[in-house]
Amino acid sequence: QVQLVESGGGLVEAGGSLRLSCAASGTIFSSDDMAWARQVPGKRRELVATITSGGSTTYSDSVKGRFTISRDNDKDTLYLQMNSLKPEDTAVYYCSAEESYSNGERLEFWGQGTQVIVSS
C-alpha cells in the first residue's frame, strides 16, 4: 500500500528555515502529483504547495516567495524548503500523493504529518 512518511519538522525561531521531506513507497512516485498541506487545530487543512508529475508548481499566497516545493524521483522523495518562517506558519504539515488511473479515477493518500513550530 501507499505510504508517505514526513520528516524534518521541529522548533525554529521566526526568520529561520526548515526543510521537510516526504518519503514515498508503494506507489509509482514519478507519476504522482504531490502536495504539501498544513493544519492548525480547529481549522481546515490548507493546501500550501503542489507539484505535478511533470514538475509544475503552485503555491498558496501565504507562502509564495518563501517556500519551495521540489521532488527527487530517483529517491521517491518530496521536499518543502521553508525560509523566512513566521509564527503563523506553525502547523502540522502533511504530504499527499495523488495517483491517476487509466479509467480516469484518482486516489489521494496522506502521510501522518510532521509538526512545525515557529517561535516569535
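1. Two residues are in contact here when they have heavy atoms within 4.5 Å of each other. On that basis, and leaving aside its neighbours within four places in sequence, Ala-49 is in contact with Met-34, Ala-35, Trp-36, Thr-58, Tyr-59, Ile-69 and Leu-80. Ala-49 is found in strand E5. Its relative accessibility is 1%, so Ala-49 counts as buried. The model is a predicted one, and the points below should be read with that in mind.

2. Overall make-up. The protein has zero helices and 11 strands, and its pattern along the sequence is β-β-β-β-β-β-β-β-β-β-β. The radius of gyration is 14 Å, close to the 14 Å that the globule rule gives for 120 residues, so the protein is as compact as a globular protein of that length. The C-alpha trace spans about 50 × 30 × 25 Å along its principal axes.

3. Burial and contact range. Of the 120 residues, 40% count as buried. Among contacts with a separation of 6 or more, 54% are between residues 24 or more positions apart.

4. The core. The largest nonpolar core holds 26 residues. Leu-4, Trp-36, Phe-67, Leu-78, Leu-80, Met-82 and Tyr-93 have the most contacts inside this core. Two or more core residues come from each of strands E3 (18-25), E4 (33-39), E5 (46-51), E7 (67-72), E8 (77-82), E9 (91-100) and E11 (114-119).

5. Tyr-93. What does Tyr-93 contact, leaving aside its neighbours within four places in sequence? The list is Glu-6, Leu-20, Trp-36, Ala-37, Arg-38, Val-48, Phe-67, Leu-80, Met-82, Gly-113, Thr-114 and Val-116. Several of these names recur elsewhere in this note: Trp-36, Phe-67, Leu-80 and Met-82 are, with Tyr-93, among the core residues with the most contacts. Trp-36 and Leu-80 are also among the contacts of Ala-49. Thr-114 is in addition the bridge partner of Tyr-93 in E11.

6. Strand E11. E9 and E11 run antiparallel and are joined by three bridges. Strand E2 (residues 10-13), in contrast, pairs with E11 in the parallel sense, over four bridges. Gly-10 stands opposite Val-116 of E11. The side chains of E11 alternate: Thr-114, Val-116 and Val-118 point to one face and are buried, whereas Gln-115, Ile-117 and Ser-119 point to the other and are not. Val-116, on the buried face, is also in contact with Tyr-93.

7. Strand E8 and its partners. Five of the six residues of E8 are buried, which leaves the strand mostly covered. E8 pairs with E3 in the antiparallel sense over six bridges, and with E7 in the antiparallel sense, also over six bridges. Thr-77 of E8 takes part on both sides: Thr-77 is the bridge partner of Ala-23, and Asp-72 stands opposite Thr-77 as well.

8. The E7–E8 hairpin. Which residue in the turn between E7 and E8 has a positive phi? The hairpin has four residues between its strands, and the residue is Asp-76, with a phi of about 50°. Asp-76 is not a glycine. Its relative accessibility is 27%, so Asp-76 counts as partly exposed; the range for that class lies between 20% and 50%. The C-alpha atoms of Asp-76 and the buried Ala-49 are 18 Å apart, with a sequence separation of 27 residues.

9. Ser-84. A positive phi of about 50° also occurs at Ser-84, again not a glycine. Ser-84 lies in the loop between E8 and E9. With a relative accessible area of 40%, Ser-84 is partly exposed. The backbone at Asp-76 and at Ser-84 may be worth a look in the model.

10. Rings and charges. How many aromatic pairs does a search of the whole structure find? The search returns zero. Arginines do sit over tyrosine rings, however. The charged end of Arg-19 lies over the ring of Tyr-79, 3.9 Å from its centre. Arg-45 is placed over the face of Tyr-94, at 3.8 Å from the ring centre.

Note on methods: Residues are numbered from 1 along each chain as its sequence is written. This is a predicted model: local features need pLDDT of at least 70, side-chain atom pairs count only at pLDDT 80 or more; totals for chains, interfaces and linings use all residues. Side-chain values use heavy atoms; hydrogens and water are left out. Rings of Phe, Tyr and Trp (its six-membered ring) pair if their centres lie within 6.5 Å; planes under 30 degrees apart count as stacked, over 60 as edge-to-face and the rest as tilted. A charge sits over a ring if NZ of Lys or CZ of Arg is within 6 Å of the ring centre and within 35 degrees of the ring normal. A nonpolar core is a set of buried Ala, Val, Leu, Ile, Met, Phe, Trp, Tyr and Cys residues joined through side-chain atoms within 4.5 Å. Buried means under 20% relative accessible area, exposed over 50%, partly exposed in between (1.4 Å probe, protein chains only). Two strands pair if DSSP finds at least two bridges between them. The radius of gyration is taken over C-alpha atoms; the globule rule is 2.2 Å times the number of residues to the power 0.38.
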